[in-house]
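Student: Please take a close look at one part of this model, the nonpolar interior. Start with the charges and the overall build, then go inward, and finish with any unusual backbone.

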Amino acid sequence: MPSPFEASAPAGAYYGLLARVLPVTHEQKAWEPSDGPMPSLFVSHGAPPTLDDPQWLDDLYRWGRSMPKPRAIVIVSAHWENAPLVISGTDAGTPLFYDFGGFHPRYYTLKYETPDAKALGRRLAGSLGLSTTLHQYTDRGLDHGAFIPLMAMYPAADVPVVQLSMPSLDPTALLLLGQRLRPLREEGILIVGSGFMTHSFATLRNPDLARHTAAFDEWATDAIARGDVDALIDYRRKAPGANVSHPTAEHFVPLMLSLGAAYTPQTSTSRIERMFYGNSIRSLQLT
């Protein structure tokens, strides 16, 4: 099996997607109050080679088009833990944060220049019950846990985006943070937790371990369908294959944010459902 970290034309599938879809992105219906709340999403975001996978990109693009275009997006990524809460830069075109290493140089030239998001930053501070100014890293753009999926879902980069840090890796803390963000959905703001349903590099070295990640994925999907948030919080003790599927917590706990932001998480829909090099890239839409 070829390595997922090598490509003959890095980001070639992504540039192919852009050529195909940019002429029609303006046709997407914009959110309006009569549409009801925007959903809460959990996205398995992938590494830069996601941009070389036409199926993954098409799945993300079609998912984005299946919803009204949000007024704005608040996203929490597995790759930014910071307390107290911090938001990314809100200036239009804030450069991306290339928080990865060992990939082809072309991935470090990617651009995703989103619109001014200062109003979103102020609204987010108000929603969190903080002062009018939320702590901000003005020169930190979106990291790859945020920009990789959004480049495919909203390729025109025409939606304001703010990335919010994770205050900790405690599942309960992320659940509560999602609950605080929930009212923003009523205003047409999309809430996204970006992680990975299973995140095991060990499966690359030993494909037999994929039985553990498959078992974890099945368990988590069932727990979500039953609305068993307590079991998901206690996944280390209750989930089969937890230590293989998530040696560290950062790619799982964004799911808890998405669940917290949902009104009825047990009605979730799997919008992407397949395995990629022994890991589940299941991605969910929650109401």
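Tutor: Charges come first: 24 side chains are positive and 28 are negative. The centres of these two sets lie 2 Å apart. Keep in mind that this is a predicted model.

Now the build. The protein chain holds 11 helices and 8 strands. Its radius of gyration is 18 Å, close to the 19 Å from the globule rule for 287 residues, so the chain is as compact as a globular protein of that length. Along the principal axes, the C-alpha atoms fill a box of roughly 50 × 45 × 35 Å. The chain exposes about 11,800 Å², and 54% of that comes from carbon and sulfur atoms.

Go inward. Of the 287 residues, 53% count as buried. Contacts reach far along the sequence: among those with a separation of 6 or more, 82% join residues 24 or more positions apart.

In soluble globular proteins, nonpolar side chains tend to be buried together. Here the largest nonpolar core has 44 residues. Val74, Leu124, Leu164, Leu181 and Leu232 have the most contacts inside it. Both helices and strands feed this core. Elements giving two or more residues to it include the strands β2 (72–77), β4 (189–195) and β8 (283–286). On the helix side they are α3 (118–127), α5 (171–181), α7 (210–225), α8 (229–233) and α11 (254–261).

Apart from this core lies another, of 41 residues. Leu18, Tyr112, Tyr154 and Leu190 are among its members.

Back to the largest core, and to Leu124 in particular. Leave out residues up to four places away in sequence. Leu124 then touches Val74, Ile87, Leu134, Val162, Leu164, Leu181 and Leu184. Three of the names listed for the most contacts in the core return here: Val74, Leu164 and Leu181.

Last, the backbone. Most residues other than glycine have a negative phi, and most peptide bonds are trans. Three places depart from that pattern. The peptide bond from Ala83 to Pro84 is cis, with omega near 0°. Pro84 sits in the loop between β2 and α3. Both of those elements give two or more residues to the largest core.

The other two places are alanines with positive phi. Ala11 has phi near 65°. Ala11 lies in the segment before α1 (12–21), and counts as buried at 0% relative accessibility. For Ala157, phi is about 50°. Ala157 belongs to the loop between α4 (144–153) and β3 (161–163). With a relative accessible area of 11%, Ala157 is buried too.

Methods. Residues are numbered from 1 along each chain as its sequence is written. This is a predicted model: local features need pLDDT of at least 70, side-chain atom pairs count only at pLDDT 80 or more; totals for chains, interfaces and linings use all residues. Side-chain values use heavy atoms; hydrogens and water are left out. Helices (H or I, at least four residues) and strands (E, at least two) are DSSP runs, numbered from the N terminus. The radius of gyration is taken over C-alpha atoms; the globule rule is 2.2 Å times the number of residues to the power 0.38. Buried means under 20% relative accessible area, exposed over 50%, partly exposed in between (1.4 Å probe, protein chains only). Contact means heavy atoms within 4.5 Å. Accessible areas come from the Shrake-Rupley method with a 1.4 Å probe; for residues, only the protein chains shown count as cover. Lys and Arg count as positive and Asp and Glu as negative; His and the chain ends are not counted. The place of a charge is taken as NZ of Lys, CZ of Arg, CG of Asp or CD of Glu. A nonpolar core is a set of buried Ala, Val, Leu, Ile, Met, Phe, Trp, Tyr and Cys residues joined through side-chain atoms within 4.5 Å.
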